[in-house]
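The following paragraphs walk through one protein chain, beginning with a single residue and widening from there to the fold. Please keep the sequence and the model side by side while reading.

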Amino acid sequence: MYLRPCPFCGSKGSDISIFTEERTDRPQCKFTSRVLCLNCFAEVRTHGFHWTYQEAQDNVIKAWNRRSYDKC
């Protein structure tokens, strides 16, 4: 899935990173993700209740792209 530029500073490409973690404190629905702009530190996170790694990533990318001002 495509990541749009940062809605705050306009950074794109390698300046924007996706981090996905598995929460060990939960037996199910334990994946959480975040998108972080390494230039201005803008961040969007998921709430941490996703069944799969991919579902967590898809949801955080969707949330990040919704914030973006770039309407490509």
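Once neighbours within four places in sequence are left aside, C6 is in contact with S11, I16, C37, C40, A42 and W64. The coordinates in which these contacts are found belong to a predicted model, and what follows should be read with that in mind. C6 itself is placed in the segment before β1, the strand that covers residues 16–22. With a relative accessibility of 6%, C6 falls under the 20% limit and therefore counts as buried. A further link across the sequence is given by N39, which is 33 residues away from C6 along the chain, while the two C-alpha atoms are 9.1 Å apart in space.

The elements around this residue can now be set in order. The chain has one helix and three strands, and when it is read along the sequence these elements follow the pattern β-β-β-α. Over the 72 residues the radius of gyration is 12 Å, close to the 11 Å given by the globule rule, so the chain is as compact as a globular protein of that length. Along the principal axes, the C-alpha atoms fill a box of roughly 40 × 20 × 15 Å. Of the 72 residues, 38% are buried, and of the contacts between residues at least 6 apart in sequence, 42% join residues that are at least 24 apart.

The helix offers a useful place from which to look at the interior, and two of its residues may be taken in turn. V60 has its place in helix α1 and counts as buried because its relative accessibility is 0%, where the limit is under 20%. Apart from neighbours within four places in sequence, V60 is in contact with I18, S33, R34, V35, V44, R45 and T46. Of the strands, β1 covers residues 16–22, β2 covers residues 31–37 and β3 covers residues 43–45. V60 and E43 are 17 residues apart in sequence, with a C-alpha to C-alpha distance of 10.0 Å.

I61 is likewise found in helix α1, and its relative accessibility of 4% means that it counts as buried. Not counting residues up to four places away in sequence, I61 touches M1, Y2, L3 and I18. I18 also appears among the contacts of V60. The C-alpha atoms of I61 and S33 are separated by 9.0 Å, although their positions lie 28 residues apart along the chain as a sequence separation.

Which aromatic residues pair, and how are their rings arranged? The structure holds one aromatic pair. The ring centres of F31 and Y53 are 6.5 Å apart and the ring planes stand at 85°, so the pair is edge-to-face. Because F31 lies in strand β2 and Y53 in helix α1, which spans residues 53–67, the pair ties together parts that are 22 residues apart in sequence. The two partners can also be told apart by their accessibility: F31, at 15%, counts as buried, whereas Y53, at 44%, counts as partly exposed.

F31 leads on to H50, which lies in the loop between β3 and α1. H50 is buried, with a relative accessible area of 5%, and beyond its neighbours within four places in sequence it is in contact with C29, K30, F31, E55, A56 and N59. One of these partners, C29, is found in the loop between β1 and β2 and has a positive phi of about 45° although it is not a glycine. At 14% relative accessibility, C29 counts as buried.

F41 also has a positive phi, near 65°, and is a residue other than glycine. Is F41, in the loop between β2 and β3, buried or exposed? With a relative accessible area of 60%, F41 is exposed.

It remains to consider the surface and the charges. The accessible surface of the chain comes to about 4,700 Å², and 50% of that surface belongs to carbon and sulfur atoms. The chain carries 11 positive and 8 negative side chains, and the centres of these two sets lie 6 Å apart.

Notes. Residues numbered from 1 in each chain as written. Predicted model: local features only at pLDDT ≥ 70, side-chain atom pairs only at ≥ 80, totals over all residues. Heavy atoms only, no water. Helix = DSSP H or I, 4+ residues; strand = E, 2+ residues; numbered from the N terminus. Rg over C-alpha atoms; globule rule 2.2 N^0.38 Å. Buried < 20%, exposed > 50% of the residue type's maximum accessible area, 1.4 Å probe, protein only. Contact = heavy atoms within 4.5 Å. Areas by Shrake-Rupley, 256 points an atom, 1.4 Å probe, with all protein chains shown as cover. Lys, Arg positive; Asp, Glu negative; His and termini not counted. Charge placed at Lys NZ, Arg CZ, Asp CG, Glu CD. Phe/Tyr/Trp six-rings, centres within 6.5 Å; stacked < 30°, edge-to-face > 60°.
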